[in-house]
Amino acid sequence: MATLSFRNVTKTYSGGIAVIHGIDMDVGDGEFIVIVGPSGCGKSTLMRMVAGLETVTGGEILIDDKVVNQLEPGERDIAMVFQNYALYPHMSVFESMAYGLKIRKFSKDEIKRRVDAAASILELGHLLDRRPRQLSGGQRQRVAMGRAIVREPKVFLFDEPLSNLDAKLRVAMRLEILKLHRRLGTTSLYVTHDQVEAMTLAQRMIVMNQGLPEQIGTPMEVFDRPASTFVASFIGSPPMNLAEVSVDGTGLIKTLDGTDILLSSDRVPQQVRNKKVVLGMRPEHMVLHARGLQAEVEMVETLGSEQLVHMRHGKTQLVVRATTRELNEAKAKVGAIIDIGPDDRHALHWFDLETGKRIPGL
Amino acid sequence: MVERRPWLDILAHAILIIGLVIVAFPLYVTFVASTQTAQEVASAPMSLIPGPHLVDNYRQVLFGGTGGNNGAPPVGRMMVVSLIMALAISIGKIAISLISAFAVVYFRFPFRMFCFWMIFVTLMLPVEVRIAPTYKVVADLGLLNSYAGLTLPLIASATATFLFRQFFLTIPDELVEAARIDGAGPLRFFRDVLLPLSKTSMAALFVIQFIYGWNQYLWPLLVTTQEDMYPIVIGIKRMISGGDSVTEWNLTMATAMLAMLPPVLVVILMQKWFVKGLVDAEK
């Protein structure tokens with residue numbers, strides 16, 4: 001249990017390739033932080049710097065207010081759960097979990113106590129004598145977590161631990177991790193590219209893009225008020241509809257390829273008038289047969305109780321998420337032209353066209 | 001799937017049996033010859049049925065030597081020399097190449113790749129090229145007629161280093177990282193993780209190197225001049241004298257049989273691990 005701090009942390013590989021451009025963040029004691037972003041954004045690198053597996057080029061990382069830049073991984077009092085589990089193939093489950101404690105010269109009794117406790121939390125009690133090759137993927141992942149738990153470290157690090165599991169198991173393990181955190185309360189850093197995992201697990205998340213933290217906030221903050229078009233299209237499935245538009249003085253909106261988007265002028269704030277901006281509307285915040293724009297249905301993906309309707313308005317592609325009943329009533333079949341518009345109960349999102357950043361104050 | 005025709009099966013079996021006979025027959029003859037008296041062996045054709053002198057012949061070669069003419073020492077002594085030599089070479093080779101492969105794969109130091117390629121280049125030098133300089137060095141160090149002289153030059157090996165290097169490269173980086181986070185230093189990692197995982201490779205290498213060391217002829221011939229330091233393969237050659245004295249073939253054959261025993265035993269005992277080491281890819 002500890003605080004974790006990043007102070008202007010940067011990482012540059014020899015050869016001049018900068019992969020992390022400056023992260024500043026304070027993680028409170030017991031917080032569950034998710035670092036989320038697409039492949040190559042630097043999230044794994046950031047976590048490996050916390051672990052000590054990568055050197056820090058600039059800035060400082062502090063665990064419990066102590067600078068750990070120069071410490072070896074084994075000296076930082078952290079534990080890590082790897083994507084590929086990284087279990088020792090020749091050791092039994094018990095031995096794998098006990099290894100870290102054995103090196104630190106814990107007594108046999110203490111080791112047994114801790115391993116048994118972790119095994120009962122993770123329901124591994126009957127597997128303690130097995131080798132990794134005799135375990136299923138989910139069991140191996142739990143052993144990997146058990147190995148981290150017995151150490152009772154200051155910080156847990158999770159490196160995309162669920163990526164190698166099948167979809168159903170992933171959902172179950174997500175819940176396990178959540179329960180574990182509630183039970184143990186250890187400060188945790190979790191890396192994933194899956195925004196669903198990020199949303200469900202995080203108390204706060206860092207959305208990263210190409211080495212820069214695009215937004216740091218709670219899941220609802222990131223969802224309700226994305227700080228940039230990148231965050232807007234990354235969080236939320238399907239991604240937010242983004243349209244490049246120009247707004248005139250009266251609040252009339254035209255997409256850049258000339259088609260109209262009709263919104264009542266009280267929904268168009270002063271800051272965006274007479275400007276070219278990006279308008280964002282979430283698929284689930286759009287309704288059929290509403291004032292907005294006319295679009296042609298190109299494809300319908302069914303999810304069961306809901307459907308994703310892919311539509312085209314001029315050159316703009318949009319997705320609307322609606323219940324099956326609404327769609328049947330609207331007779332939305334491929335080729336149909338339907339009016340769609342934003343739901344009045346939800347905010348519109350406005351972003352600067354050049355920078356992609358959210359227009360301040362909106 | 002090839003069509004099943006009975007005569008193909010018969011043909012396959014026939015070829016295998018013929019092959020087996022070709023390989024095994026000389027061994028059988030050797031065994032038979034080792035159980036007879038010298039005259040019976042020398043008279044042609046030699047009977048193919050084992051004779052009654054098995055115990056006598058073997059006792060004589062193990063403890064008594066082959067009689068004055070050829071001057072070979074008791075086979076028992078030579079077997080011991082061969083055994084020590086083979087064990088020293090195989091164990092030494094495995095130890096050194098494990099450590100050098102470990103250094104090359106897991107550490108960054110200046111001239112790392114240069115060192116590796118230098119080791120690799122020595123593979124390309126045939127023994128005959130290296131043997132004269134090696135002899136000079138060993139002689140200058142005063143290591144002639146000693147176990148050190150017999151084994152040391154043969155312990156340094158490029159093939160074994162290469163084998164272990166390739167094996168170590170297949171170990172996932174995450175395993176190393178997990179060990180680092182667990183708090184294991186390099187030597188700890190070597191002992192607790194690398195060595196157990198290398199067991200099958202080590203077993204395979206041990207078998208190969210033991211047989212290699214046991215069968216060494218050229219180098220021991222150069223390095224030893226005293227009879228009590230002869231390995232067994234040299235002893236066998238010494239028994240087959242040319243010229244004036246009569247070779248006691250029965251005793252020579254008995255010696256040959258004895259010489260074959262330890263390698264066969266090693267292969268049989270390590271068989272399980274030998275195959276596993278060459279084929280196994282389980283992580």
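**View 1. Where chain A meets chain B.** Here 18 residues of chain A are in contact with 16 residues of chain B (contact means C-beta atoms, placed from the backbone, within 7 Å). On the chain A side, β6 (78-81) and α2 (93-103) each chip in at least two residues (helices, H or I, have at least four residues and strands, E, at least two, as DSSP runs numbered from the N terminus). That side of chain A splits into 12 nonpolar, four polar and two charged residues (Ala, Val, Leu, Ile, Met, Phe, Trp, Tyr, Cys and Pro count as nonpolar, Asp, Glu, Lys and Arg as charged, the others, including Gly, as polar). Bear in mind that this is a predicted model, where local features need pLDDT of at least 70 and side-chain atom pairs pLDDT 80 or more, while totals for chains, interfaces and linings use all residues. Residues are numbered from 1 along each chain as its sequence is written, with chains lettered from A and ligands numbered from 1 in the order in which they are written.

**View 2. The open sheet of chain A.** Six strands line up as β6-β7-β8-β3-β9-β10, with mixed pairing (strands pair if DSSP finds at least two bridges between them). At the edges sit β6 and β10 (212-217) of chain A, each pairing on one side only.

**View 3. Strand β3 of chain A.** Five of the five residues of β3 (32-36) are buried, so the rest of the structure largely encloses this strand (buried means 20 or more other C-beta atoms, placed from the backbone, within 10 Å of the residue's own). Phe32(A), Val34(A) and Val36(A) cover one side, Ile33(A) and Ile35(A) the other. β3(A) runs parallel to β8 (187-192) of chain A over five bridges, and Ile33(A) stands opposite Leu189(A).

Methods: Contact = placed C-beta atoms within 7 Å. Buried ≥ 20, exposed ≤ 12 C-beta atoms within 10 Å, placed from the backbone.
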